[in-house]
Amino acid sequence: MSKKTAKPTADKEITIIRDSMNYYADGLEAIGESLGSRVGDLFGTHRLSSIELQKLYLTSWIPAKVCTIFAEDMTSEGVEWLIDAEDAEFLEQQFARYKIWQKLAEAITWARLYGGSIVEIRMKDMRPDLPLNGRGDFLGLRVFDRWEITPDTSKLMTGEREGEPISYQVSPRIYAQNYKLDASRAIRFIGRKLPNELAQVNDLWGESYVQLLYTALERREGANVGVAELMKRCHLRYIGVKGFWEAMQYGHEDQADAILKAMSVINASQNISSLTVTDSEDTFQTQTFSFGGFKDIFNQFNEDVAGATDIPLVRLFGISPSGFSTGDTDMKLYAQAVKRDQEAQLRDAIYRIAKVLLETNGRDASKLDFNFIPIIQPSQVEKAQLAQQSVQTILQVYEAGLLPPDRALSEIKRQAEQTGFFASVTPEEIDALKEPKLPMPEGMTELETNGNAV
């Protein structure tokens, strides 16, 4: 009876072993095919579709951060309005009320992901096909990605917005009704700028930044997969059993059953008392693998990704670069890049939105101006040091007799824009330091006092 009950058990265990070997063989074959396809995709030969871009945005944190970080940094600090204080406060309230900064950040995010987006200025007239009327009522902003927008490239605009389409056909994914949108109501964002020939093929849109880093991302993810597989095999144990393969052959079910039973005993003893029990003729060995050098490899992959996206390691990955750098220089260069993109992409957008807000509320927008607030602000200690150096320089020039007192105090007050010190100095205090003009003697003209009389 024991043999009859043992055979099915042995046959079952042997089948499991064979199935496992086939499973790993199939897995290795799949890995080989995957690596082969990845090699074919190197150097940008594989163009990502909108569905693939969506999947990467949803499943990989790096593409998601590449698209959102830059957009957040461009809009997080806002602007300093260089207009009347009452109008500046009004714009701040309206930007917060209509969530304009959030809408602009969303538009920049989709532009970096898909290569383009549109922000629609929505008015109460509900006639998006007509040119914008600044005397209407402002309702808010709505954002569309490039796959919801079809530009009319048959005729392009001239003037300040040279080369942009004159209108768009909007096909919202959330709201099913399609409509025509005039360019005066559309704020356009593109991703990475393309040469004219490629832009024409791409309906005048740009390219996705995720496409740009795809090669670097593939290499990094491939390294992650490889290291994960190695981690599973970093500590291997094996036992040499005499006649093992002979017992596994067909017709030796009793011997196979005995070996499998012995393996079960060994596993049980290891779990209970951490002992490995074998026959004196068996061999038992362990192999441990180290992972030296992998950190340097991953750092290189991280630097490739950061270089492809123009975002420093400390901002994208939260780690400092290798070597003696602390990342401060990289962040300053990054802040300059954000500043350039703000001037190139956001200045016109903010100006147009602010102009509509002012005009639709009966306010004057002729002197509208602003400055972007830098994303890296100096600390209080740095501000104090800068103020001290600036004041010392101004005093040296004043003591040399090259500046009158009122001009010196005026220059000191101007430092408040950067340092925050001396902002309380009033124009009256500056005027009080002006040197009084001496009255001219009676009967003498101004030309005579200057020695210019004939």
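1. A good place to start is the packing around helix α14: α15 (405–414) and α16 (416–419) are among the elements that cover its buried residues. Please keep in mind throughout that this is a predicted model.

2. Which residues of α14 are the buried ones? They are K383, A387, S390, V391 and I394. These residues cover an arc of only 100 degrees around the axis, which puts them on the same side of α14. The spacing makes sense, because an α-helix has 3.6 residues a turn and residues three or four places apart point the same way. On the other side of α14 you will find V381, Q389, Q396 and E399, which are exposed.

3. The geometry of α14 holds up nicely. The helix runs over residues 380–399, and at 1.5 Å a residue its 20 residues should span 28 Å; the end C-alpha atoms are 28 Å apart, so the two values agree. Just after α14 comes G401, with a positive phi of about 80 degrees.

4. Helix α5 (residues 100–114) passes the same kind of check: 15 residues at 1.5 Å each should span 21 Å, and the end C-alpha atoms are 21 Å apart, which agrees. Is α5 enclosed or exposed? Of its 15 residues, 11 are buried, so the helix is largely enclosed by the rest of the structure. The buried set includes W101, R112 and Y114, along with I100, L104 and I108. After α5 comes G115, whose phi is positive, near 100 degrees.

5. G115 turns up again in the surroundings of E207, a residue in the loop between α6 (196–201) and α7 (209–212). Beyond its neighbours within four places in sequence, E207 is in contact with G115, as well as R47, G191, R192 and L194. With a relative accessible area of 9%, E207 counts as buried because the cut-off is under 20%. Which side chain makes a polar contact with that of E207? The partner is R47, at 2.7 Å.

6. Finally, do have a look at Y334 in helix α13 (residues 328–359). Y334 is buried, with a relative accessible area of 2%. Setting aside residues up to four places away in sequence, Y334 touches I69, F70, D73, D310, I311, P312, R315 and I375. One of these, I311, is 23 residues from Y334 in sequence, while the C-alpha atoms of the pair are 6.6 Å apart in space.

Notes. Residues are numbered from 1 along each chain as its sequence is written. This is a predicted model: local features need pLDDT of at least 70, side-chain atom pairs count only at pLDDT 80 or more; totals for chains, interfaces and linings use all residues. Side-chain values use heavy atoms; hydrogens and water are left out. Helices (H or I, at least four residues) and strands (E, at least two) are DSSP runs, numbered from the N terminus. The expected span of a helix is 1.5 Å times one less than its number of residues. Buried means under 20% relative accessible area, exposed over 50%, partly exposed in between (1.4 Å probe, protein chains only). The arc is that of the directions from the helix axis to the C-beta atoms. Contact means heavy atoms within 4.5 Å. A polar contact is a pair of N or O atoms within 3.5 Å; within protein, one must be able to donate a hydrogen and the other to accept it, and residues adjacent in sequence count only if both atoms are side-chain atoms.
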